[in-house]
Amino acid sequence: QVDEVYGVGAASGERIECTPAEGEENVYTFVYTFVMPDEDVNLAARFSKISEPETTYTVRVETGKGGGVSPESQEVTAGGDAAFTLSLEPGCVLGKIEAPEGAVYELAGDRLIVKNVQGDLTLKIGVVVKGDLSGDGDVNVTDVMACCKVLARKAVDIEPEEDEILRGDLNGDGMVDITDVMALCKLLAA
C-alpha cells in the first residue's frame with residue numbers, strides 16, 4: 001500500500017534514466033542526476049512493480065434436510081474450480097440443483113465441481129425423501145393419499161410431474177404405479 005506518492009521531473013539540464021534491473025522481472029532502477037553549482041549529484045532508487053492481489057471468491061453449497069456437504073464453502077481464485085462432496089441420509093436422493101445464472105457445475109456421483117468461478121456463488125442442492133410426495137420432509141399417510149392422486153390423474157391421461165416421479169417411484173422403475181402405493185404403505189407399517 002502506498003501512503004504517499006511523490007512526482008519527480010527533470011529540470012533544465014537534469015536527467016532521469018530508467019533501466020530494467022539485471023536479472024529481475026518488473027524491477028527498475030531510476031537514476032536522477034541533479035545539476036548542482038559545484039558538482040553533479042546522482043540519486044539512485046530501485047522500484048519494483050506491485051503486483052495486484054489475486055481475486056478470490058466464495059463458493060457455498062447448501063443442502064436440504066437429509067443431505068450434507070463437505071466443505072460447506074470454499075475460497076477460490078478467479079477462474080478456479082471448487083470441489084465438494086455430497087452425502088445423503090438413507091432413503092434420500094438428490095433433487096433439483098439451483099445455481100445462479102452463468103454458474104457452471106458438474107455432478108459426478110457424490111462429487112460436485114463448480115467450474116471457472118467468476119464471482120461469489122451459492123448453490124442449493126435439493127434433497128428428496130423417497131415416498132414424501134407432499135414435500136413436507138416426512139413420510140406419512142398424507143403421502144399415500146398424494147400417491148393415489150397421481151394414479152387417479154394417470155387414469156385420465158395426466159402424466160405425473162418429474163418431481164412426483166422422483167418422490168413417488170419407490171421401486172425404481174421410472175414411474176409411479178400401484179406397486180409404489182403398496183411399497184409406501186409397507187414403509188409406513190414398518
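The legends below accompany close-up views of a predicted model.

**View 1. Overall fold of the predicted protein, with its helices and strands.** The secondary structure of this protein comprises 3 helices and 11 strands, and read from the N terminus the elements follow the order β-β-β-β-β-β-β-β-β-β-β-α-α-α. Of its 190 residues, 25% count as buried, while the area that the protein exposes is about 12800 Å², of which carbon and sulfur atoms supply 52%. Among contacts with a separation of 6 or more, 44% are accounted for by residues 24 or more positions apart.

**View 2. Confidence along the chain and the N-terminal stretch.** The average pLDDT of the protein is 83, and 73% of the residues score at least 70. Over residues 1-6, however, the pLDDT is below 50, and this stretch has 1 contact in the model beyond near neighbours in sequence.

**View 3. The largest nonpolar core and the strands that supply it.** This core holds 14 residues, of which V59, V61, F84, L112, V114 and L123 touch the most other members. Two or more residues are given to this core by each of the elements β4 (56-63), β7 (82-88), β10 (111-115) and β11 (121-129). In soluble globular proteins, nonpolar side chains tend to be buried together.

**View 4. Surroundings of F84, with a second core elsewhere.** When neighbours within four places in sequence are left aside, F84 is in contact with V59, V61, L112 and V114, and also with V69, S70, P71, E72, S73, Q74, D110 and R111. Among these partners of F84, V59, V61, L112 and V114 are also named with F84 as residues that touch the most other members of the largest core. Another core, of 9 residues, lies apart from the largest one, and V144, C147, V176 and L184 are among its members.

**View 5. D132 in the loop between β11 and α1.** Which loop holds D132? D132 is placed in the loop that runs between β11 and α1 (141-155). Because its relative accessible area is 2%, under the 20% cut-off, D132 counts as buried. The side chain of D132 is joined to the side chain of S134 by a polar contact of 3.2 Å, and the side chain of D132 also reaches the backbone nitrogen of G135 at 3.0 Å. Not counting residues up to four places away in sequence, D132 touches G137, D138, V139, D143 and R167.

Conventions
Residues numbered from 1 in each chain as written. Predicted model: local features only at pLDDT ≥ 70, side-chain atom pairs only at ≥ 80, totals over all residues. Heavy atoms only, no water. Core = buried A, V, L, I, M, F, W, Y, C linked by side-chain atoms within 4.5 Å. Buried < 20%, exposed > 50% of the residue type's maximum accessible area, 1.4 Å probe, protein only. Helix = DSSP H or I, 4+ residues; strand = E, 2+ residues; numbered from the N terminus. Contact = heavy atoms within 4.5 Å. pLDDT = per-residue confidence, 0-100. Polar contact = N/O pair within 3.5 Å; in protein donor to acceptor, adjacent residues only side chain to side chain. Areas by Shrake-Rupley, 256 points an atom, 1.4 Å probe, with all protein chains shown as cover.
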